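Trainee: Could you take one part of this model and look at it closely with me, strand by strand? After that, I'd like to follow the connections outwards from there.

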Amino acid sequence: MYDIAVVGLGIAGASTLWRGAERGLRMVGFDLGTPPHALGSSHGRTRIVRRSAYEGQSYVEPARRSLRLWHELDAGAAQRVWFHTGLLLLGERDSPLLTSALDQAKEFDIAMDVVDLAESYPWLRNGTAGVLERNAGLVSPENAITAMLDRARALGAAVETECEITDIEPVDGSVRLRARDGVHHARKVVVATGAQETGVPLQLDQLVVPWFWGAQPLSFPPFIHELPDGRRFGGMPNLDADTPAKVMPMRPYPGETALADGVRDAEWYVRTHRSDLDPKAESAFQCLAPTTADGHFHLRPGERDVVHLAGLNGHGFKFGPVLGEAAVRMALEESVSWP
Ligand SMILES: Cc1cc2nc3c(=O)[nH]c(=O)nc-3n(C[C@H](O)[C@H](O)[C@H](O)COP(=O)(O)OP(=O)(O)OC[C@H]3O[C@@H](n4cnc5c(N)ncnc54)[C@H](O)[C@@H]3O)c2cc1C
């Protein structure tokens with residue numbers, strides 16, 4: 001019998017499978033598609049990974065540990081996972097984004113430099129102040145999930161793709177998982193089904209991701225820009241010449257006009273703040289960000305021998321490796337101090 005079955009192999013489940021396999025546990029993972037894929041929230045070429053944590057101070061140490069694990073994963077991966085680019089934080093000098101980043105840099109020894117925007121980033125229009133977190137970067141979500149699954153398989157884990165789990169039921173001393181091809185058993189189960197989680201109250205926010213041509217590969221660092229009215233925009237460079245750069249409003253859009261509204265706002269931002277990008281978005285997609293009421297990630301025991309890891313809240317990718325570790329610990333009933 002497996003020690004832990006993981007249902008859902010987006011970043012939360014793939015990390016759990018990987019970290020469990022690294023501990024020598026008998027692991028199996030199920031996904032209704034063949035990960036990495038675009039059916040959940042763990043796709044789209046790039047994710048920002050940073051050590052400063054505007055989520056709060058309790059996220060700084062997990063961000064540090066995660067960064068170490070990203071480097072470890074990258075070192076053994078067939079395709080590049082980690083891109084060391086730094087992260088540019090932009091805003092008014094006294095904006096919450098910049099002040100909290102600089103405070104954390106001092107308190108937690110995070111390498112961060114105040115930058116001369118005109119000199120370093122001449123393509124930036126209407127910039128006010130900026131700091132560069134030197135050791136932040138990007139991960140490729142698709143390559144990250146592939147690398148986690150490859151590593152887990154190499155350590156003996158089973159990965160069942162195109163396999164939807166339709167029922168999870170604790171029975172005596174184990175948990176029964178029902179799939180179309182039959183029934184599977186494990187001592188413990190971690191449910192990491194993202195927007196399809198039914199056991200946890202989640203709001204399904206819609207994020208809009210527009211893409212813009214114009215920039216050379218990796219010609220600017222990923223950035224988060226907090227405007228004086230509090231709105232935030234984020235962006236990431238293209239990793240190669242065949243793909244555009246991403247610039248997105250960092251807020252959810254409700255309703256049927258979400259895509260058009262998000263693209264309009266992103267095009268406004270690019271027109272008014274960037275001279276290096278074509279201000280017309282070449283394409284855009286919508287993606288769900290399952291969100292908890294308190295804004296923190298949901299890692300809790302559910303029914304007997306079942307743990308739920310959900311609500312990664314549109315910013316959980318970077319914490320994937322530590323969330324996976326914590327999910328394994330919780331499944332094994334070891335103490336978990338975060339989240
Ligand atoms: C546009 C966008 C940009 C983001 N940018 C960043 C960023 O820069 N930095 C950052 O840290 N975070 C970022 N995030 C957040 C992060 O990417 C997501 O929070 C995270 O990927 C969610 O992962 P997940 O594993 O919880 O869910 P998902 O990726 O949705 O995975 C759930 C998986 O479960 C599978 N599944 C569902 N039901 C079943 C079933 N019954 N049986 C089997 N399998 C099932 C699905 O196929 C899917 O693979 C961003 C999110 C979005 C949407």
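Mentor: Happily: let's take the open sheet of three strands, which has the order S3-S8-S4 and antiparallel pairing. Strands here are DSSP runs of E with at least two residues, helices are runs of H or I with at least four, and both are numbered from the N terminus. Two strands count as paired if DSSP finds at least two bridges between them. S3 and S4 (82-84) stand at the edges with a single partner strand each, so one side of each has no neighbour in the sheet. From one strand to the next, the twist averages 30°; angles like this run from 0 to 180 degrees between N-to-C directions, with axes being lines fitted to C-alpha atoms, for helices over the stretch in contact.

Before going on, please keep in mind that this is a predicted model, where local features need pLDDT of at least 70 and side-chain atom pairs count only at pLDDT 80 or more, while totals for chains, interfaces and linings use all residues. Residue numbers start from 1 along each chain as its sequence is written.

Back to the sheet. S4 and S8 (residues 137-139) are joined by three bridges in the antiparallel sense, and Trp82 stands opposite Val139 of S8. At the other edge, the loop between S2 (27-30) and S3 holds Pro36. The peptide bond joining Pro35 and Pro36 is cis, with omega about 0°. Most peptide bonds are trans, and most residues other than glycine have a negative phi. A second cis bond runs from Trp338 to Pro339, with omega near 5°; Pro339 sits in the segment after H7. As for phi, Glu162 is not a glycine, yet it has a positive phi of about 50°, and you will find it in the loop between S9 (158-160) and S10 (165-171).

S3 also leads us to the ligand: S3 (47-49), H1 (11-22), S13 (203-212) and S17 (283-291) each supply at least two residues of the shell around it. H1 gives the largest share, three residues. In total, 36 residues surround the ligand, and the closest are Gly8, Gly10, Gly40, Gly194 and Leu312; a residue is near the ligand if its C-beta atom, placed from the backbone, lies within 6 Å of it. The shell has 18 nonpolar, 14 polar and four charged residues, where Ala, Val, Leu, Ile, Met, Phe, Trp, Tyr, Cys and Pro count as nonpolar, Asp, Glu, Lys and Arg as charged, and the others, Gly among them, as polar. Domain 1 (2-47 + 142-201 + 293-331) and domain 2 (87-134 + 203-291) both contribute to this shell, so the ligand's surroundings lie between them; the bounds come from an automatic or database domain assignment.

Now follow H1 to its helix neighbours. H1 packs against H5 (residues 141-154) at an angle of about 30°, with the axes 8 Å apart. That makes H1 roughly parallel to H5; angles under 35 degrees count as roughly parallel, over 145 as roughly antiparallel, 65 to 115 as roughly perpendicular and the rest as oblique. H1 passes H5 in a left-handed crossing, meaning that the near helix is turned anticlockwise from the far one by less than a right angle, with clockwise giving right-handed. With H7 (residues 320-331), H1 packs at about 60°, the axes being 7 Å apart. That makes H1 oblique to H7, and here the crossing is right-handed.

From the shell strands S13 and S17 you can step into another open sheet, of eight strands in the order S6-S7-S5-S14-S15-S16-S13-S17, with mixed pairing. S6 (112-114) and S17 are its edges, each with a single partner strand, so one side of each lacks a neighbour in the sheet. The twist there averages 20° from one strand to the next. Within this sheet, S5 (residues 87-91) and S14 (residues 223-226) pair in the parallel sense over three bridges, with Leu89 partnered by Ile224 and Leu90 by His225. S14 also runs antiparallel to S15 (residues 232-236), over four bridges, and Ile224 has Gly234 as its bridge partner in S15. S14 and S15 form a hairpin with five residues between them, and Gly230 in the turn has a positive phi of about 95°.
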